Amino acid sequence: QEADPQKAASLLRKQWSLYSVTPLYRFSGAHLKEYARLLGAFIAAEKQKGLAVGEGVDLGVQVTFSSLPELRGGQRDQPAVLVQLSSRSSVSPKSSDEKLVWSGCFCCVAGEDFSENVPEDFTCLPLFLANGAESYLAMVGSWFQKTFDCHFCRLSISPLNLSWMAAMWTGCSVEKNACATELLFSVPCLPQPLDISYAIHPEDAKALWDTVQKTPGEITQEEVSLYMDCLYSHFHRHFKIHLSATKLVKVSTAIASAHCNGTIKFLQSKYLPGVLKLLTELAISQIQ
């Protein structure tokens, strides 16, 4: 199937929940139309049981599967697969306008090393992104697990990985009027939850990163730690608060924003493959 750049662009500016997925048994990119038909029939049967009937969406769900070959790191990666569920409202059944109610995307960006160690009958698409109602996710996940003998597991992002994202995305060049780099910290052991938001002008953050990074194009843990330590000491100088004693829970930049609970929003199509590569690595490390 032809690549559809518009479909890839549909990943932008949505809140995605992250999952890791074990290899899919006997999945084939050549049978996407058939999978769409089978999943549609499965959802219709589940809804007849009285499950997950949303308000005004009882006219059935249209399922489409699309291949997104542009979302992969190399030729040996499997093309990403986008699953979309659309529904017509019962309020205006004559309207041909179908409303997108749920999206899911399986991908593997630069996961060749992992794929090589998997038996031939299995397809590696270790990263799964979901956007939309939990009830649809439950049905889609159930169908994939039964059909391809795979397992979904929620993917969280550690404070260490968030600090890597903060450094990597700060180093990316963006337009002059880019939004501020914002770090959100949670203060532990308090009777009431308390968050500290730390916003840095993107050009200041980039200038700091440029002084820290030794080899352009490469990033080390030492550089990430030094970058964060510089930000912490600057904050302490002004507010006398030790951010090192708190927990980094969210990173927002012009490239993307990510939360430790395993949600992400992509903001720049140019950097989408790079962000997906990092998330693929996290998904693979959770499966292994």
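Is Lys240 buried or exposed? I looked this up before anything else. Lys240 has a relative accessibility of 59%, so I put it down as exposed. The model I am reading is a predicted one.

**Entry: Lys240 and Arg13**

I placed Lys240 in the loop that runs between helix H7 and strand E11, the latter covering 247–252. I then checked its backbone. The phi of Lys240 is positive, near 55 degrees, and the residue is not a glycine.

I found another non-glycine residue with a positive phi in Arg13, at about 60 degrees. Arg13 sits in the loop between helix H1 (5–9) and strand E1. Its relative accessible area is 57%, and the cut-off for exposed is over 50%, so Arg13 is exposed.

**Entry: strands E1, E12 and E13**

From Arg13 I went on to E1, which spans residues 16–21. I found E1 joined to strand E13 (residues 263–266) by two bridges, with the two strands antiparallel. Ser17 has Thr263 of E13 opposite it.

Which strand pairs with E13 over four bridges? I noted E12, residues 256–259, again in the antiparallel sense. Within this pairing, Ser257 has Lys265 of E13 as its bridge partner. E12 and E13 make a hairpin, and three residues lie between the two strands. In the turn I checked Gly262, where phi is positive at about 85 degrees.

**Entry: strand E3**

I turned to strand E3, residues 61–68. How many of its eight residues are buried? I noted six, and recorded the strand as mostly covered. As general background, side chains in a regular strand alternate between the two faces of the sheet.

E3 is joined to strand E4 (residues 80–87) by eight bridges, and the two run antiparallel. I looked up Val61 and found Ser87 of E4 opposite it.

**Entry: aromatic pairs**

I looked for aromatic pairs next, and the whole structure has 21 of them. Why is the pair of Phe65 and Trp143 edge-to-face? The ring centres are 6.4 Å apart and the planes stand at 75 degrees, so the pair of Phe65 and Trp143 falls in that class; the cut-off for edge-to-face is over 60 degrees. Phe65 belongs to strand E3 and Trp143 to helix H4 (residues 134–148), so I wrote this down as a link between distant parts of the chain, 78 residues apart. I found both Phe65 and Trp143 buried.

I then read off Trp209 and Tyr227. Their ring centres are 5.5 Å apart with the planes at 85 degrees, so this pair is edge-to-face. Trp209 is in helix H6 (residues 202–212) and Tyr227 in helix H7 (residues 221–239), so the pair ties together parts 18 residues apart in sequence. Trp209 has a relative accessibility of 1% and counts as buried. Tyr227 has 1% relative accessibility and counts as buried.

**Entry: helices H6 and H7**

I checked how the helices that carry Trp209 and Tyr227 lie. The axes of H6 and H7 come within 10 Å and cross at roughly 135 degrees. I therefore recorded H6 and H7 as oblique to each other. The crossing in which H6 passes H7 is right-handed.

Just ahead of H6 I looked up His201, in the loop between strand E10 (194–200) and H6. His201 has a relative accessible area of 45% and is partly exposed. Its C-alpha atom is 7.7 Å from that of Cys179, and the two residues are 22 apart along the chain.

**Entry: the aromatic cluster and Tyr35**

I listed one aromatic cluster, whose members include Tyr19, Tyr35, Phe65, Trp102, Phe128 and Trp143. Which residue lies over the face of Tyr19? I found Arg154 there, at 5.3 Å from the ring centre.

Tyr35 was the last cluster member I looked up. I placed Tyr35 in helix H2, residues 32–48. Its relative accessible area is 7%, so I put Tyr35 down as buried. The C-alpha atoms of Tyr35 and Thr64 are 8.8 Å apart, while the residues are 29 apart along the chain. Thr64 falls within strand E3, residues 61–68.

Methods:
Residues numbered from 1 in each chain as written. Predicted model: local features only at pLDDT ≥ 70, side-chain atom pairs only at ≥ 80, totals over all residues. Heavy atoms only, no water. Buried < 20%, exposed > 50% of the residue type's maximum accessible area, 1.4 Å probe, protein only. Pairing = 2+ DSSP bridges. Phe/Tyr/Trp six-rings, centres within 6.5 Å; stacked < 30°, edge-to-face > 60°. Lys NZ or Arg CZ within 6 Å of the ring centre and 35° of its normal. Axes fitted to C-alpha atoms, helices over the stretch in contact; angles between N-to-C directions. Parallel < 35°, antiparallel > 145°, perpendicular 65-115°, else oblique. Left-handed = near helix turned anticlockwise from the far one by under 90°.
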